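Let's practise reading a protein structure together. Open the sequence and the 3D view, then work through the exercises below at your own pace.

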Amino acid sequence: VPDGGYCTVYRCGSLIDPCRGPHLPNTGRVKAFSVLKSSSSYYKGDKDRESLQRVYGITFPTAKELEEYLERRQLAMERDHRKIGIDQDLFFFHSLSPGSCFFLPHGARIYNKLMEFLRREYRLRGFSEVMTPNMFDSRLWETSGHWEKYQENMFTFEVEKERFALKPMNCPSHCLMFAH
């Protein structure tokens, strides 16, 4: 919880859960549920603090609705572009550059064709292409409001005792450009 912020706490029986909630008034209303995944994380992202367990789950009023959801979810996972692209030898990922795509020849051709298409569309509509850096001080993300919502999923690192992050989106950096 950021300084000056607040935290909501939900109680269900003896369980006290500091989360965004809301919770059901009682678990008797849950008719169908599934645990989707679990993971651990360090309290406040600090490896020297205790490890917490995250459990991701979903509930539905009926078992039929849960089953339908799980089927749709499975289909979506099978259609995941990250999986398909790897299966078709378009690209791969490597642990030495987490989250970064390595385009193989066929993937590079597709990428370049898409970029050509975008640039043609930019020109057709009177837009100019711009480019911004890939790394920014966390203050940019704090100012834009992205830090509070997305920090957990951003690639962050320290440079000379300052917190930086790779950009997951362009809008805050484009605001800097427009203010120039």
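The model you are looking at is predicted.

**Exercise 1.** Find the strand that holds Asp137, then decide whether Asp137 is buried or exposed.

*Solution.* Start with the location: Asp137 belongs to strand β7. Next, look at its relative accessible area, which is 14%. The cut-off for buried is under 20%, so Asp137 is buried. Finally, follow its side chain: it reaches the backbone nitrogen of Arg139 at 2.8 Å.

**Exercise 2.** Work out the order of the strands in the open sheet that contains β7, and name its edge strands.

*Solution.* Three strands make up this open sheet, and their order is β7-β9-β8. Their pairing is antiparallel. The edge strands are β7 and β8 (156–159), since each of them pairs on one side only. From one strand to the next, the twist averages 35°. As a reminder, strands of a sheet pair through backbone hydrogen bonds, either parallel or antiparallel.

**Exercise 3.** Look at β8 and β9: how many bridges join them, and which residue is the bridge partner of Thr156?

*Solution.* Strand β9 covers residues 162–166, and four bridges join β8 to β9. These two strands run antiparallel. Now pick out Thr156: its bridge partner in β9 is Ala165.

**Exercise 4.** Examine the backbone at Glu160 and at Asp89: what is phi near in Glu160, and what is phi near in Asp89?

*Solution.* First, recall the background: most residues other than glycine have a negative phi. Glu160 has a phi near 50°, a positive value in a residue other than glycine. This residue sits in the loop between β8 and β9. Its relative accessibility is 75%, so Glu160 counts as exposed.

Then turn to Asp89. Here phi is near 55°, again a positive value in a residue other than glycine. Asp89 is placed in the loop between α2 (81–87) and β5 (91–93). With 51% relative accessibility, Asp89 counts as exposed, the cut-off being over 50%.

**Exercise 5.** Find the nonpolar surface patch that includes Phe127: which residues make it?

*Solution.* Begin with Phe127, which you will find in the loop between α3 (105–124) and β7 (135–137). Its relative accessible area is 54%, so Phe127 is exposed. Now add the other members: Phe117, Leu118 and Tyr122 make the patch together with Phe127. The area of this nonpolar patch is about 390 Å².

Technical notes
Residues numbered from 1 in each chain as written. Predicted model: local features only at pLDDT ≥ 70, side-chain atom pairs only at ≥ 80, totals over all residues. Heavy atoms only, no water. Patch = residues over 30% accessible without salt bridge, like charges linked within 9 Å, V, L, I, M, F, W, Y side chains within 5 Å. Areas by Shrake-Rupley, 256 points an atom, 1.4 Å probe, with all protein chains shown as cover. Salt bridge = Lys/Arg side-chain N within 4 Å of Asp/Glu carboxyl O. Buried < 20%, exposed > 50% of the residue type's maximum accessible area, 1.4 Å probe, protein only. Pairing = 2+ DSSP bridges. Axes fitted to C-alpha atoms, helices over the stretch in contact; angles between N-to-C directions. Polar contact = N/O pair within 3.5 Å; in protein donor to acceptor, adjacent residues only side chain to side chain.
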